[in-house]
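Hi there,

Here is the structure I promised to pass along. Please have it open while you read the notes below.

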Amino acid sequence: LVHEERDRSSQTQDTEDSFQTLQCLYLPSRKSRLLKSTDLVLDDAPQFTDRIKDFNYPFLVHLKDCDLSNDEYELIHRLPPQLRPKNLSSLVQEQLGDDCEQMACVMGTNCDVESRLASLLSSTYFRQAIIRLTKASRGERCNEEKVSDAVEKF
């Protein structure tokens, strides 16, 4: 078993070493086309995917769809830098648009966002959740009454 593990590790290292000499690598895009790996984008920031507009870069296919790995980022970063797709997080930056400025408010001016947040933080559900989390993390050392008082003061 140990010998088999060494062979596998050696094969992995040999494969990674062979990529060092490659000048060009083609990988599949989400539109089922083979493209240069450096022209593709790795979706390392899925929270942006649905919100970006006018984004004209092709995305690398999800590697789990190819039965390769659940950790796409780790697998892609085994490639030499000259062969890696671009990371979405390095190409996209989240900013509030002009229409979002109307949502901005000053604390203490009866702002809708402030009111909703205050309501959430003072709710019974929130209080009970904090108490449960504290009990779970501290176990028997948790004094429920003290935690409840601290949450009330908050």
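Below is what turned up when I went through the chain.

First, a word on confidence. This is a predicted model, with a mean pLDDT of 78 over the chain, and 78% of the residues reach 70 or more. The confidence varies from element to element: strand β2 (residues 34-36) has the highest mean pLDDT, at 95, while helix α1 (residues 2-20) has the lowest, at 62.

Now the overall layout. The chain contains seven helices and four strands. Reading from the N terminus, the order of elements is α-β-β-β-α-α-β-α-α-α-α. Of the 154 residues, 20% count as buried. The chain exposes about 12400 Å², and 50% of that area is supplied by carbon and sulfur atoms. If you look at contacts with a separation of 6 or more, 54% of them join residues that are 24 or more positions apart.

You may want to look at the charged pairs next. How many salt bridges does a search of the whole structure find? The search gives two. In one, the side chains of arginine 30 and aspartate 43 meet at 3.4 Å, N to O. This pair links distant parts of the chain, with the two positions 13 residues apart in numbering: arginine 30 sits in the loop between β1 (26-28) and β2, and aspartate 43 in the loop between β3 (41-42) and α2 (46-49). The two partners fall into separate classes of accessibility. Arginine 30 counts as partly exposed because its relative accessibility is 32%, which lies between the limits of 20% and 50%. Aspartate 43 is at 12% relative accessibility, so it counts as buried.

The other salt bridge joins the side chains of glutamate 74 and arginine 78, at 3.0 Å, N to O. Here glutamate 74 is partly exposed, with a relative accessible area of 34%, and arginine 78 is partly exposed as well, with 40%.

Strand β2 deserves a visit too, and leucine 34 is a good place to start, as it lies in that strand. Is leucine 34 buried or exposed? Its relative accessible area is 60%, so leucine 34 counts as exposed; the cut-off for that class is over 50%. Setting aside neighbours within four places in sequence, leucine 34 is in contact with Tyr26, Leu27 and Pro28. You can also compare its position with that of leucine 60, which is 26 residues away along the chain: the C-alpha atoms of the two leucines are separated by 9.5 Å.

On the surface, Leu117, Leu120 and Leu121 make a nonpolar patch of about 250 Å². Leucine 120 belongs to helix α5 (residues 112-121). With a relative accessibility of 49%, leucine 120 counts as partly exposed, because exposed requires over 50%.

Last, the cysteines, in case you are thinking about disulfides. The count of disulfides in the model is zero. Cysteine 24 is partly exposed, with a relative accessible area of 33%. Cysteine 66 is partly exposed too, at 34%.

If you only have a few minutes, I would begin with the salt bridge between arginine 30 and aspartate 43, then turn to the patch made by Leu117, Leu120 and Leu121.

Happy browsing, and write back with any questions!

Best wishes

Notes: Residues numbered from 1 in each chain as written. Predicted model: local features only at pLDDT ≥ 70, side-chain atom pairs only at ≥ 80, totals over all residues. Heavy atoms only, no water. Patch = residues over 30% accessible without salt bridge, like charges linked within 9 Å, V, L, I, M, F, W, Y side chains within 5 Å. Areas by Shrake-Rupley, 256 points an atom, 1.4 Å probe, with all protein chains shown as cover. Salt bridge = Lys/Arg side-chain N within 4 Å of Asp/Glu carboxyl O. Buried < 20%, exposed > 50% of the residue type's maximum accessible area, 1.4 Å probe, protein only. pLDDT = per-residue confidence, 0-100. Disulfide = S-S within 2.5 Å. Contact = heavy atoms within 4.5 Å.
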